[in-house]
Amino acid sequence: MSALIVIDVQNDFCPGGALAVPEGDQIVPGINALMAEAESVVLTQDWHPADHASFASQHDGQDPYGLIEMPYGPQVLWPDHCVIGSDGSAFHAGLNTNRAEMVIRKGFRRAIDSYSAFFENDHTTPTGLEGYLRTRGITQLMMVGLATDFCVAYSAIDAAKLGFDVTVKLDLCRAIDLNGSLETAKADMLKAGVTLA
Ligand code: VGL
Ligand code: ZN
């Protein structure tokens with residue numbers, strides 16, 4: 001069994017949003033077409049409380065895109081984004097969500113970020129997605145969405161480490177590309193055994 005995992009195609013990651021990914025909206029039609037053919041579809045949604053610790057606004061003297069040390073390791077600080085229930089946290093209006101059998105929300109604990117759809121940024125707290133996929137007999141994953149170098153890459157690497165057969169379809173992803181993070185993410189995905197297509 002296979003599943004298409006659509007990562008964080010939300011307003012705040014699209015042009016005009018709080019953490020806009022260049023061309024983030026351009027992948028929507030292609031993702032809709034892929035969903036129509038997929039065996040099963042899972043959507044993820046970045047979902048933060050307004051005082052989330054990944055927001056630069058929560059740290060005196062810090063600007064967005066800086067790096068701080070958190071108890072679980074280094075953390076990039078972001079503009080406030082995907083605040084629970086806000087318009088920015090909603091899926092892009094053009095995304096056809098009808099085929100989604102599961103929506104997994106992540107990053108809802110104030111003190112810890114969660115790029116990956118499988119584990120929070122401490123790399124140990126599970127989101128429950130692994131159990132969902134395994135109990136449904138799903139072993140093959142196709143991943144698309146935003147952003148290639150953060151939530152897509154972290155999700156793909158965790159999935160590969162968990163033993164799933166993972167392909168990232170790069171033409172249906174877009175990157176933030178912070179200080180070369182896209183090239184690093186691609187190399188890390190390949191090293192983990194992810195297929196880049
Ligand atoms: C993401 C930064 C912060 C992503 C989420 O979806 O790639 N990036 N939160
Ligand atoms: Zn986030």
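Buried here means under 20% relative accessible area. I keep that cut-off at hand for the entries below, and I note that the model is predicted.

**Entry 1. His48**

I looked up His48 first. His48 has a relative accessible area of 0%, so it counts as buried. Its place is in the loop between E2 and E3. I then took the C-alpha distance from His48 to Val76, which is 15 Å, for a separation of 28 residues in sequence.

**Entry 2. Tyr72**

Is Tyr72 buried or exposed? Its relative accessible area is 19%, and because the limit for buried is under 20%, Tyr72 is buried. I found Tyr72 in the loop between strand E3, residues 67–70, and strand E4, residues 73–76. Along the chain, Tyr72 and His123 are 51 residues apart, while their C-alpha atoms are separated by 8.5 Å.

**Entry 3. What surrounds ligand 1**

I listed the residues around ligand 1. They are Asp8, Phe13, Leu19, Asp46, Trp78, His81, Leu146, Ala147, Phe150, Cys151 and Ile176. By class, this shell has eight nonpolar residues, one polar and two charged. I also checked the cavities: the largest cavity is the space taken by ligand 1.

**Entry 4. Polar atoms next to ligand 1**

Which residues bring an N or O atom to an oxygen atom of ligand 1? I noted three cases, taking side chain and backbone separately. In the side chain of Asp8, an N or O atom is 2.7 Å from an oxygen atom of ligand 1. For Ala147, a polar backbone atom is 3.0 Å from a ligand 1 oxygen. For Cys151, a backbone N or O atom is likewise involved, and the distance to an oxygen atom of ligand 1 is 3.0 Å. I then looked up the area: ligand 1 taken alone exposes 260 Å², and the protein buries 100% of that.

**Entry 5. Asp8 and Thr44**

I went back to Asp8, which is one of the residues around ligand 1. Asp8 is in the loop between strand E1, residues 2–7, and helix H1, residues 28–37. Its relative accessibility is 0%, so Asp8 counts as buried. The side chain of Asp8 also has a partner within the protein, in a polar contact of 2.7 Å with the side chain of Thr44. Thr44 belongs to strand E2, residues 41–46. Thr44 too is buried, because its relative accessible area is 0%.

**Entry 6. Backbone angles**

I checked the backbone for unusual values. Most residues other than glycine have a negative phi, and most peptide bonds are trans. Asp8 has a positive phi, near 50°. Glu23 has a positive phi as well, near 65°. Glu23 lies in the loop between E1 and H1. Is Glu23 buried or partly exposed? Its relative accessibility is 39%, so Glu23 counts as partly exposed.

**Entry 7. The bond before Ala147**

I looked up the peptide bond from Leu146 to Ala147, and this bond is cis, with omega near -15°. Ala147 sits in the loop between strand E6, residues 140–146, and helix H3, residues 148–161. Both Leu146 and Ala147 are among the residues that surround ligand 1, and a polar backbone atom of Ala147 is the one noted above at 3.0 Å from a ligand oxygen.

Key
Residues numbered from 1 in each chain as written. Chains lettered and ligands numbered in written order. Predicted model: local features only at pLDDT ≥ 70, side-chain atom pairs only at ≥ 80, totals over all residues. Heavy atoms only, no water. Near = heavy atom within 4 Å. Polar contact = N/O pair within 3.5 Å; in protein donor to acceptor, adjacent residues only side chain to side chain. Areas by Shrake-Rupley, 256 points an atom, 1.4 Å probe, with all protein chains shown as cover. 1 Å grid on protein atoms, 1.4 Å probe; cavity = no way out; pocket = protein on both sides within 12 Å on 5 of 7 lines; lining within 4 Å. Sits in = over half its atoms within 2 Å of the grid points. Nonpolar A, V, L, I, M, F, W, Y, C, P; charged D, E, K, R; others polar. Helix = DSSP H or I, 4+ residues; strand = E, 2+ residues; numbered from the N terminus. Buried < 20%, exposed > 50% of the residue type's maximum accessible area, 1.4 Å probe, protein only.
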